[in-house]
Amino acid sequence: MALAGTLKEADITAALAACTAAESFKHKEFFAKVGLSAKSADDIKKAFGVIDQDQSGFIEEEELKLFLQNFSASARALTDAETKAFLKAGDIDGDGMIGIDEFATMVKG
């Protein structure tokens, strides 16, 4: 897993365990538990690059739906409601996508 080199395996496991139930994903709690919010700007940029699977420079709704699977292939997909809430929280400029600056703001927030 590309994020395993940046984040501690135990932190990833704990963060994923906290949101196994549908509608239990809370991005702020997840970023803190997984240790991403304490990482450097470079590490956050690397994480963005992994999550931006099509390398468009933006994280779109479909990529957010599969967000947890970037941390573990066996993780669940986010529900439609979780995905929409996640996008709304990160999409500061209202273009329907999350850019690197928006992602960094969301992670550090």
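Which residues in α1 meet which residues in α2? In this predicted model, Asp11, Ile12, Ala14, Ala15 and Leu16 of α1 meet Phe30, Lys33 and Val34 of α2. The residues of this contact divide into 6 nonpolar, no polar and 2 charged.

**Packing of α1 and α2**

Two packed helices are described by the angle between their axes and the distance between the axes. Helix α1 spans residues 9-17 and helix α2 spans residues 27-34; the two pack at an angle of about 155°, and their axes are 8 Å apart. Angles over 145 degrees count as roughly antiparallel, and α1 and α2 are therefore roughly antiparallel to each other. The crossing of these two helices is right-handed.

**The annotated binding site**

An unreviewed UniProt entry places the feature "binding site" at Asp91, Asp93, Asp95 and Glu102. Two of these positions, Asp91 and Asp93, are set out below.

| Residue | Location | Relative accessible area | Class |
|---|---|---|---|
| Asp91 | loop between α5 and β2 | 14% | buried |
| Asp93 | loop between α5 and β2 | 52% | exposed |

The loop that holds Asp91 runs between α5 (80-90) and β2 (98-99), and Asp93 is likewise found between α5 and β2. Asp91 is classed as buried because its relative accessible area is 14%, and buried means under 20%. Asp93, at 52% relative accessibility, counts as exposed, since the class requires over 50%.

Apart from neighbours within four places in sequence, Asp91 is in contact with Gly96, Met97, Ile98 and Glu102. One of these partners, Glu102, is also listed by the UniProt entry under "binding site".

Terms used:
Residues numbered from 1 in each chain as written. Predicted model: local features only at pLDDT ≥ 70, side-chain atom pairs only at ≥ 80, totals over all residues. Heavy atoms only, no water. UniProt positions renumbered as here; feature names shortened; annotations may be inferred. Helix = DSSP H or I, 4+ residues; strand = E, 2+ residues; numbered from the N terminus. Buried < 20%, exposed > 50% of the residue type's maximum accessible area, 1.4 Å probe, protein only. Contact = heavy atoms within 4.5 Å. Axes fitted to C-alpha atoms, helices over the stretch in contact; angles between N-to-C directions. Parallel < 35°, antiparallel > 145°, perpendicular 65-115°, else oblique. Left-handed = near helix turned anticlockwise from the far one by under 90°. Nonpolar A, V, L, I, M, F, W, Y, C, P; charged D, E, K, R; others polar.
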